[in-house]
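Work through the exercises below with the sequence and the model open. Try each task before reading its solution.

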Amino acid sequence: MQPLIAPGGSILTHDGESHARMRRLVSKAFTVRRVEELRPRAQQITDDLLDRLDNPGDLVEGFSMPFPVAVICELLGVPFEDRDEFRKWSNQVLATVGGHTPEEALDGVTKLHAYFTELVARRRAHPTNDLMGALVAARDNEDRLSEEELVHFGITLLVAGHETTANMISNSVVTLLEHPDDLKDLREHPEKLPNAIEELLRYVPLGSGAGFPRIATEDVQVGNALVKAGEAVLVVVSSANHDATVFAAADELDVDRDAGRHLQFGHGIHFCLGSQLARMELKVALGTLLRRMPGLRLAEPVEFRRGSLVRGPVRLVVAW
């Protein structure tokens, strides 16, 4: 499949002062304090979704996907009722070989761009206090964003804000069900959950490949290899997280391990803006599942997605 080039207005393609300028505009929305203010609402969304989940039921469609979608929609100010549309477009954008055709992937990009262009227009006509409203104000009143940057900011935050967390919730449930002793330990000692989440982030591969290529801006020595300026490098984060020189018994799950050096959220200036939000959502989601579903078990074999940059189950039918 011909790869799509990330659009120039995306924060993912910026470095230096340009990147810092864009990052400063949204960093206040993802502080620990702001994320903690969202926790009660996240808990309410979780309880409401689990109240409606059939037993047995598909955890992907019934909970792990709609939960982070609802949270990021509230934070951004994106109508939750549009979720089916932008989920479809998001899946097209994240497609790899066997997922969607190049034409379908480009169609997803085009429709997300049109959607956020219209949303920006609505925010101009009717200002709001959500994150998109703040970004529109930064564009119109302070000229700190170009129009293209504004639209691509919304796309990036929406897609990244639900796809990764949703699949991480499902992947974590599958992993814990494959490790019943650890699952039992966490039920009996819920105070271990924050540390266990860091280990799950380290242990569970979230990407199905290497993701975006990085281009060296200068000669860099990486181990025994010299990466020359201008050369492309594919960084496999899941491999780094299983580096035996950093983590003892790296291929084993150990919920008591100090896994704080994992790279699931990246590293350096492009460290994930939403890391605190993702951690909060994982704590609420997994903590509630452990508490409310003591007999949680698989009701059907798990089938994982194919043809996507993000790894996760297509369906996760569980009973309890």
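The exercises that follow deal with cysteines, backbone geometry, salt bridges, a helix and a cavity.

The model is predicted, so local features need pLDDT of at least 70 and side-chain atom pairs count only at pLDDT 80 or more, while totals for chains, interfaces and linings use all residues. Residues are numbered from 1 along each chain as its sequence is written, and side-chain values use heavy atoms, with hydrogens and water left out.

**Exercise 1. Cysteines**

Task: State how many disulfides the structure holds, and explain why Cys 73 is not in one.

Solution.
Step 1. Take the criterion: a disulfide is a pair of cysteine sulfur atoms within 2.5 Å.
Step 2. Apply it to Cys 73. The closest cysteine sulfur belongs to Cys 272 and lies 17 Å away, which is too far for a bond.
Step 3. Apply it to Cys 272. The nearest cysteine sulfur is that of Cys 73, 17 Å away, and Cys 272 is in no disulfide.
Step 4. State the total: the structure holds zero disulfides.
Step 5. Compare the surroundings using relative accessible area (buried is under 20%, exposed is over 50%, partly exposed is in between, with a 1.4 Å probe and protein chains only). Cys 73 has 3% and is buried; Cys 272 has 31% and is partly exposed.

**Exercise 2. Backbone geometry**

Task: Find what kind of peptide bond joins Asn 55 and Pro 56, and describe phi of Ala 249.

Solution.
Step 1. Read omega between Asn 55 and Pro 56. The angle is about 0°, and the peptide bond is cis.
Step 2. Place Pro 56 in the chain. Helices (H or I, at least four residues) and strands (E, at least two) are DSSP runs, numbered from the N terminus. Pro 56 sits in the loop between helix H2 (32–52) and strand S1 (57–58).
Step 3. Read phi of Ala 249. The angle is near 45°, a positive value in a residue other than glycine.
Step 4. Place Ala 249. This residue belongs to the loop between helix H11 (237–240) and helix H12 (275–292). Its relative accessibility of 45% makes Ala 249 partly exposed.

**Exercise 3. Salt bridges**

Task: Give the number of salt bridges, then say which residues Asp 51 and Arg 279 pair with.

Solution.
Step 1. Take the criterion: a side-chain nitrogen of Lys or Arg lies within 4 Å of a carboxyl oxygen of Asp or Glu. By this rule there are 23 salt bridges.
Step 2. Find the partner of Asp 51. Its side chain meets that of Arg 292, at 2.7 Å from N to O. Asp 51 is in helix H2 and Arg 292 in helix H12, 241 residues apart, so the pair links distant parts of the chain.
Step 3. Check accessibility. Asp 51 is exposed at 53%, and Arg 292 is partly exposed at 32%.
Step 4. Find the partner of Arg 279. This is Glu 198, with the closest N and O atoms 2.7 Å apart. The two are 81 residues apart, Arg 279 in helix H12 and Glu 198 in helix H10 (residues 193–203). Both Arg 279 and Glu 198 are buried.
Step 5. Add another pair. Arg 123 and Asp 130 form a salt bridge at 3.4 Å, N to O. Arg 123 is buried at 10%, and Asp 130 is buried at 15%.
Step 6. Note a network of salt bridges, which links Arg 33, Arg 34 and Glu 37.

**Exercise 4. Helix H8**

Task: Compare the span of helix H8 with the expected value, and decide how far the rest of the structure encloses H8.

Solution.
Step 1. Take the rule: the expected span is 1.5 Å times one less than the number of residues.
Step 2. Apply it. H8 (residues 147–177) has 31 residues, and the expected span is 45 Å.
Step 3. Compare. From first C-alpha to last, H8 reaches 46 Å, close to the expected value.
Step 4. Count buried residues. In H8, 27 of the 31 residues are buried, so the helix is largely enclosed by the rest of the structure.

**Exercise 5. The cavity**

Task: Give the volume of the largest cavity and classify its lining residues.

Solution.
Step 1. Take the criterion: on a 1 Å grid over the protein atoms alone, a cavity is a set of points where a 1.4 Å probe fits but cannot get out, and lining residues have an atom within 4 Å of a point. Grid points are joined across faces, edges and corners, and the volume is the space filled by probe spheres set on the points.
Step 2. Search the whole structure. One cavity of 30 Å³ or more is found, and the largest has a volume of about 60 Å³.
Step 3. List the lining: Val 173, Leu 176, Leu 177, Leu 183, Leu 286, Leu 289, Leu 290 and Leu 296. H8 and H12 each supply at least two of the lining residues.
Step 4. Classify. Ala, Val, Leu, Ile, Met, Phe, Trp, Tyr, Cys and Pro count as nonpolar, Asp, Glu, Lys and Arg as charged, and the others, Gly among them, as polar. The lining has eight nonpolar residues, no polar and no charged.

Definitions and conventions:
On a 1 Å grid over the protein atoms alone, a cavity is a set of points where a 1.4 Å probe fits but cannot get out, and a pocket is an open set with protein on both sides within 12 Å along at least five of seven lines; lining residues have an atom within 4 Å of a point.
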